Amino acid sequence: MIFFSFATRNLRRHMVRSFLATLGIVIGVFAIASLGVMGNSINLLAAGLIADVGDTVVITPHTALGGEGFVGDPRTMVAATISEADVDRIERAAGGNPVVAVVEEAADLRVGNEGGYAQVIGLATDDIPDLLDLSEGNYLRPGSPAALVGSVLAEEYGIRAGSRIALGDEEMRVAGVLEERGFAFDINPDYAVVIERDRFREQFPEKKGYDYVVITVADPDEMEGVKAAVENLMNRRDETVDVTDSRESLNQVNEIYDAMGRFLLGIGAVSLVIAAVSILNVMIISVTERRHEIGVMRSIGALRGEVMRMFLYEALVLGIAGSLIGGALSFVGGYVISLAAIAVFTAGTTFAEGATVFDPLSVAYILGAMLFGVVTSVAAGVYPAWQAAQMTPIEALRG
Amino acid sequence: MNEPETIIRFVDVSKIYPLPAGDVVALDHVDLEIEAGEFVAVMGPSGSGKSTLLNLIGCLDTPSSGTLSIKGKDIGTLSDDDLTRLRRDHIGFIFQQFNLIPLLDVIENVEFPRVLKERRSGCDEACLELLDAVGLEPELHTHRPAELSGGQQQRVAIARALINEPEILLADEPTGNLDTKTGEGIMDLLTQMNRRGKTIIMVTHDTNIAAYAHRRVHLVDGRIA
């Protein structure tokens with residue numbers, strides 16, 4: 001144990017140098033751990049936010065018009081719609097799977113004295129139960145002048161089944177409140193008002209056609225077939241629609257999150273490598289400075305292995321100290337980052353309640369980063385320690 | 001004293017340091033026997049091979065040729081760890097520069113060789129007795145070497161050299177960095193240790209100091225004159 005005490009005393013003797021070497025490990029551990037925690041938190045949030053949309057095929061107007069305009073040109077995006085005839089053709093291609101055509105528009109919303117903007121979604125009354133679940137109240141009956149309100153919107157304005165709201169100039173009764181759905185690749189009703197499609201046409205007469213069409217495919221194996229049939233029917237001559245399937249989109253998003261997580265971990269790993277170099281440097285200086293002392297120890301009976309151990313302990317102490325500080329910081333930092341991420345990602349939703357900062361995987365990231373920090377530090381100490389042990393006593397005594 | 005036992009035996013020992021400019025012969029076919037309980041002064045001008053002789057006896061180095069036996073062991077055949085153990089258990093070193101370990105206080109310095117040998121620390125009677133025997137005041141026991149005078153440091157170094165009860169004490173100019181009066185005190189201490197049965201080999205070029213020894217060995221150009 002005296003060698004351990006030697007190590008700590010020597011580190012204390014060169015307080016500033018030891019602190020700087022430790023700082024490298026602190027930063028490395030902090031970087032790996034907090035970036036890992038951040039990546040994990042984002043993944044968790046994303047998983048919570050993205051609705052389990054099952055297997056739907058979403059058909060949107062093709063907006064990349066060649067010649068005039070550019071990809072994503074707002075004029076073409078606003079202008080592009082799917083016509084009634086297109087919907088009929090899509091229905092034929094869907095082969096019996098339910099097809100829902102959706103229209104959307106933004107409108108002024110007033111509830112009592114409060115007001116703001118909300119998305120208005122027009123759906124055929126028959127289609128609503130296929131796509132959306134109710135948390136209270138009733139679905140719309142055919143021809144009903146009432147509305148269904150998305151969960152987040154309902155919460156924000158305190159709307160319940162039976163409340164009265166106004167869309168533009170139209171006053172209406174709220175028949176029911178929808179279940180929270182999260183971000184979906186088809187329909188996003190959480191911050192929207194759903195009304196019957198005929199009422200929608202009356203209220204927004206300038207709006208023609210549909211914004212998108214959702215096919216709910218019952219048998220996942222049919223997915224590709226349905227997509228191909230739609231593509232074949234709609235895009236044979238010109239690219240008129242884009243066909244995506246929700247599962248594929250979800251996978252793409254997950255892949256992006258995974259890649260981001262790996263990238264963040266990579267940055268953390270680089271900073272640990274830098275920390276290792278700084279520890280290596282400090283240890284080599286320490287060995288050079290203490291040549292004479294090593295010579296004395298060897299001449300009064302310290303074995304090579306004992307000298308080596310003494311220096312490895314120094315690296316170990318630096319690593320443990322750095323990892324503990326870095327781990328503590330990343331615990332706090334990860335908490336703050338996660339809270340910030342939750343705030344940003346869940347703004348206006350109720351998902352924040354479900355997002356946990358101290359997920360087991362996040363804790364594992366912190367512990368893993370700390371372990372990595374200690375191992376890196378000790379590994380950086382191996383060469384200097386070996387160098388110290390290899391000196392012959394006479395060489396070392398000469399200083 | 002019982003029958004004298006040869007504790008150190010040089011048989012035709014040479015030590016050659018190969019240097020780019022040409023080999024340096026530090027010891028040239030040396031034959032020397034030292035018996036247990038002797039107090040030997042090794043004298044000679046600078047570069048005569050005094051320190052090399054002492055380093056060989058101290059197992060810090062091994063002969064280039066010839067045989068050197070310490071306590072009956074041919075040190076040329078021992079591994080680095082075995083040499084270190086021989087040093088640790090049977091040989092005490094006293095240096096001109098004292099060479100205490102600056103990170104350790106007086107007591108820790110003294111007990112360090114014993115910690116290496118027995119893997120236990122904690123100051124006990126033996127350690128305190130030694131410090132008392134070398135004449136170091138108890139209030140200095142928790143001081144670091146830098147806080148001690150040269151004479152006090154050398155006393156601590158002697159106590160350290162004795163803690164593992166070695167048979168052989170090696171002293172390299174033990175008074176070289178001390179004033180005459182303090183030096184005399186240290187020499188009295190060494191004489192005392194010799195009377196208690198320690199074999200002492202001391203390198204010096206000071207004839208007054210050499211006068212404390214029973215036997216003087218003169219080295220000139222690596223040979224015993």
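**Exercise 1. The largest nonpolar core**

Task: In this predicted model, find which residues touch the most other members of the largest nonpolar core.

Solution. Step 1: The largest nonpolar core holds 118 residues. Step 2: Within this core, B:Val42 and B:Leu170 touch the most other members. Step 3: Turn to the element that contributes the largest share, which is helix α2 of chain A, residues 15–49, with 13 residues. Step 4: Another core lies apart from this one; it has 55 residues, including A:Val102, A:Ala118, A:Ala184 and A:Val213. For background, nonpolar side chains in soluble globular proteins tend to be buried together.

**Exercise 2. The surroundings of B:Leu170**

Task: List what B:Leu170 touches, not counting residues up to four places away in sequence, and find where B:Leu170 stands among the strands.

Solution. Step 1: The contacts of B:Leu170 are B:Leu54, B:Ile57, B:Gly58, B:Ile91, B:Gly92, B:Phe93, B:Ile94 and B:Ile201. Step 2: B:Leu170 is in β7(B), where it is the bridge partner of B:Phe93. Step 3: B:Leu170 also stands opposite B:Ile201, a residue of β8(B). Step 4: Both bridge partners, B:Phe93 and B:Ile201, therefore appear in the contact list of Step 1.

**Exercise 3. The six-stranded sheet of chain B**

Task: Give the order of the six strands in the open sheet with mixed pairing, and say which strands are at its edges.

Solution. Step 1: The order is β6-β7-β8-β3-β9-β10 in chain B. Step 2: β6 and β10 (223–224) of chain B are the edge strands, each pairing on one side only. Step 3: Start from β6(B), which pairs with β7 (residues 168–172) of chain B in the parallel sense, over four bridges. Step 4: Move on to β8 (residues 199–203) of chain B, which is joined to β7(B) by five bridges, again in the parallel sense. Step 5: Look at the two faces of β6(B), residues 91–94: B:Ile91 and B:Phe93 are on one side, B:Gly92 and B:Ile94 on the other, and all are buried. Both faces of this strand are thus covered.

**Exercise 4. The four-stranded sheet of chain B**

Task: What is the order of the four strands in the antiparallel open sheet of chain B?

Solution. Step 1: The strands follow the order β2-β1-β4-β5. Step 2: At the edges are β2 (24–35) and β5 (73–74) of chain B, each of which pairs on one side only. Step 3: Inspect β1 (residues 6–17) and β4 (residues 65–70) of chain B, which run antiparallel and are joined by five bridges. Step 4: In this part of the sheet, B:Phe10 stands opposite B:Leu68 of β4(B).

**Exercise 5. A helix and what covers it**

Task: Which residues of helix α2 (residues 80–90) of chain B are buried, and what covers them?

Solution. Step 1: The buried residues are B:Leu83, B:Thr84, B:Leu86, B:Arg87 and B:Arg88. Step 2: Within chain B, the cover includes β4, β5, β6 and α3 (106–118). Step 3: The cover also includes α10 of chain A.

**Exercise 6. The contact between the chains**

Task: How many residues does each chain bring to the contact?

Solution. Step 1: Chain A brings 16 residues and chain B brings 20 residues. Step 2: On the side of chain A, α1 (2–13), α10 (291–299) and α13 (393–398) each supply at least two residues. Step 3: α1(A) gives the most, with five residues. Step 4: By type, the side of chain A that touches chain B consists of eight nonpolar, three polar and five charged residues. Step 5: For the complex, the predictor gives an ipTM of 0.90 and a pTM of 0.70.

**Exercise 7. B:Thr182, buried or partly exposed?**

Task: Classify B:Thr182 as buried or partly exposed.

Solution. Step 1: B:Thr182 lies in helix α6 of chain B, residues 180–195. Step 2: B:Thr182 has 17 C-beta neighbours inside 10 Å. Step 3: A buried residue needs 20 or more, so B:Thr182 counts as partly exposed. Step 4: Leaving aside neighbours within four places in sequence, B:Thr182 is in contact with B:Gly150 and B:Gly151. Step 5: From B:Thr182 to B:Leu170, 12 residues apart along the chain, the C-alpha atoms are separated by 19 Å.

**Exercise 8. Chain B as a whole**

Task: Decide how compact chain B is for its length.

Solution. Step 1: Chain B contains seven helices and 10 strands. Step 2: Its radius of gyration is 17 Å, close to the 17 Å of the globule rule for 225 residues, so chain B is as compact as a globular protein of that length. Step 3: Buried residues account for 47% of the 225 residues. Step 4: The average pLDDT of chain B is 90, and 97% of the residues score at least 70.

Key:
Residues are numbered from 1 along each chain as its sequence is written. Chains are lettered from A and ligands numbered from 1 in the order in which they are written. This is a predicted model: local features need pLDDT of at least 70, side-chain atom pairs count only at pLDDT 80 or more; totals for chains, interfaces and linings use all residues. Two residues are in contact if their C-beta atoms, placed from the backbone, lie within 7 Å. Ala, Val, Leu, Ile, Met, Phe, Trp, Tyr, Cys and Pro count as nonpolar, Asp, Glu, Lys and Arg as charged, and the others, Gly among them, as polar. A residue is buried if 20 or more other C-beta atoms lie within 10 Å of its own, exposed if 12 or fewer, and partly exposed in between; C-beta atoms are placed from the backbone. Two strands pair if DSSP finds at least two bridges between them. A nonpolar core is a set of buried Ala, Val, Leu, Ile, Met, Phe, Trp, Tyr and Cys residues joined through C-beta atoms within 7 Å. The radius of gyration is taken over C-alpha atoms; the globule rule is 2.2 Å times the number of residues to the power 0.38. pLDDT is the predictor's confidence in each residue, from 0 to 100.
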